[in-house]
Amino acid sequence: MSPVPSESESETTSASELNARIRELWADGTLPEDRRPEYEALVVEWAAAALEDVRPAA
């Protein structure tokens, strides 16, 4: 599996699941430089998923 999630994976991944994956990358308090592209992709996907979870006010 690629370290950067594919577009089809993000369609089924919730914001909370993406957040958990982001937290795992920072588990030791620092982000390994070789994992930065994965982190950046996850943050973009998390933002998109978080927006999908927002419901318009009544």
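This passage walks through the fold, the nonpolar core, the third helix and the charged pairs of a predicted model.

Because the model is predicted, local features need pLDDT of at least 70 and side-chain atom pairs count only at pLDDT 80 or more, whereas totals for chains, interfaces and linings use all residues. Residues are numbered from 1 along each chain as its sequence is written, and side-chain values use heavy atoms, with hydrogens and water left out.

The overall layout is a good place to start. The chain contains three helices and zero strands, and its elements follow the order α-α-α from the N terminus. Helices (H or I, at least four residues) and strands (E, at least two) are DSSP runs, numbered from the N terminus. Of the 58 residues in the chain, 21% count as buried; here buried means under 20% relative accessible area, exposed over 50%, and partly exposed in between, with a 1.4 Å probe and protein chains only. The accessible surface of the chain is about 4,400 Å², and 55% of that surface belongs to carbon and sulfur atoms. Accessible areas come from the Shrake-Rupley method with a 1.4 Å probe, and for residues only the protein chains shown count as cover. Among contacts with a separation of 6 or more, 56% link residues 24 or more positions apart, where contact means heavy atoms within 4.5 Å.

Attention now turns to the interior. In soluble globular proteins, nonpolar side chains tend to be buried together. In this model, the largest nonpolar core (buried Ala, Val, Leu, Ile, Met, Phe, Trp, Tyr and Cys residues joined through side-chain atoms within 4.5 Å) has seven residues, namely Ala15, Leu18, Ile22, Leu25, Leu31, Leu42 and Ala49. Helix 2 (15-25) and helix 3 (36-53) are the elements that give two or more residues to this core, and helix 2 supplies the largest share, four residues. One core member, Leu18, touches Thr13, Leu42, Glu45, Trp46 and Ala49, leaving aside residues up to four places away in sequence.

Helix 3 deserves a closer look. Its 18 residues should span 26 Å at 1.5 Å a residue, and its end C-alpha atoms are indeed 26 Å apart; the expected span is 1.5 Å times one less than the number of residues. Glu38, Ala41, Leu42, Glu45 and Ala49 are buried in this helix. Viewed down the helix axis, these buried residues fall within an arc of 100°, so they line one face of helix 3; the arc is that of the directions from the helix axis to the C-beta atoms. On the other side of helix 3, Val44 and Leu51 are exposed.

Tyr39 also sits in helix 3 and is partly exposed, at a relative accessible area of 22%. Tyr39 touches Ile22, Leu25, Trp26 and Leu31, again not counting residues up to four places away in sequence. The C-alpha atoms of Tyr39 and Leu25 are separated by 7.2 Å, although the two residues lie 14 residues apart along the chain.

Finally, there are the charged pairs. Side chains of opposite charge can pair when their charged atoms come close. The count comes to two salt bridges, each defined as a side-chain nitrogen of Lys or Arg within 4 Å of a carboxyl oxygen of Asp or Glu. One joins Glu33 and Arg36 at 3.6 Å, N to O; Glu33 is exposed at 58% relative accessibility, while Arg36 is partly exposed at 31%. The other joins Arg35 and Glu38 at 2.7 Å, N to O. Here Arg35 is partly exposed at 33%, whereas Glu38 is buried at 9%.
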